[in-house]
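Here's a quick look at one protein chain, written for someone who'd rather get to the residues than wade through theory. Have the sequence and the 3D view open as you read.

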Amino acid sequence: TFRRQLARIVVLSATGAAALNVVAAVTAPLETGAWAESIWRYLSQRRWTFHVGDVNAAGAYFAMASLVALGLLQGSGRRRLWWLLPFAAATAALWLTGSASAQLPWLLVVAAVAVRSFVPSSGGRPLQVAAAVLILVAGVGFWLALGRGSSAATTSLAFRRSFNEASLRMWASRPVFGVGVGQYRLWSAH
């Protein structure tokens, strides 16, 4: 079908971009002359993106592509395991961007897919509902707690809350195609 073909194209193009990011991150320490000593420092202390200048936009791109690959992996057929490699590549590139704003939602979706996959369909509904309610209550409690206190962490979380609210407004205004990669700053004021 057209949807499946479109999903494949999205995942395969993201796999190419992910491969460029991973290669750039792994080969950059070669320039130091001490690859083994500097590889971990390069991978853990730098934020990598090769195809777009905004690490958060790159993180969101790889998160979406990784989740589409996960959906293709969940499909039926003998060739579904082929999608494990693009899933791993996009996930590695997501990690390399260091974008917490992309990594946290990705983690929540992967956890939800795992619960859905491993809980039996008969009798598993109460567990799924309980998990969803727990996540919702924790999220609302966290959201309400942002307004109290004046620590640096609270200030940081308040900024993130503002960013998330702007993101939700942008999504509501253009839910199908979005505003475009790298357009957050321009559209966040609307």
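What follows goes from the overall fold to a charged patch and then to one loop residue.

This is a predicted model, where local features need pLDDT of at least 70, side-chain atom pairs count only at pLDDT 80 or more, and totals for chains, interfaces and linings use all residues. Residues are numbered from 1 along each chain as its sequence is written, and side-chain values use heavy atoms, with hydrogens and water left out.

The protein chain has eight helices and zero strands (DSSP runs of H or I with at least four residues for helices, E with at least two for strands, numbered from the N terminus). Of the contacts with a separation of 6 or more, 56% are between residues 24 or more positions apart; contact means heavy atoms within 4.5 Å.

Of the 190 residues, 26% are buried. Buried is under 20% relative accessible area, exposed is over 50%, and partly exposed is in between (1.4 Å probe, protein chains only).

Here are two residues side by side:

| Residue | Location | Relative accessible area |
|---|---|---|
| Arg8 | helix α1 (residues 2-27) | 35%, partly exposed |
| Ser99 | loop between α4 (84-97) and α5 (100-118) | 0%, buried |

Arg8 also belongs to a surface patch of positive charge, together with Arg4, Arg78 and Arg79. Patch members have over 30% relative accessible area and no salt bridge, with like charges joined within 9 Å; a salt bridge would put a Lys or Arg side-chain nitrogen within 4 Å of an Asp or Glu carboxyl oxygen.

As for Ser99, leaving aside residues up to four places away in sequence, Ser99 touches Arg47, Val55, Asn56 and Gly59.

Note on methods. Patches are made of residues with over 30% relative accessible area and no salt bridge: like charges are joined within 9 Å, nonpolar side chains (Val, Leu, Ile, Met, Phe, Trp, Tyr) within 5 Å. Accessible areas come from the Shrake-Rupley method with a 1.4 Å probe; for residues, only the protein chains shown count as cover. Lys and Arg count as positive and Asp and Glu as negative; His and the chain ends are not counted. The place of a charge is taken as NZ of Lys, CZ of Arg, CG of Asp or CD of Glu.
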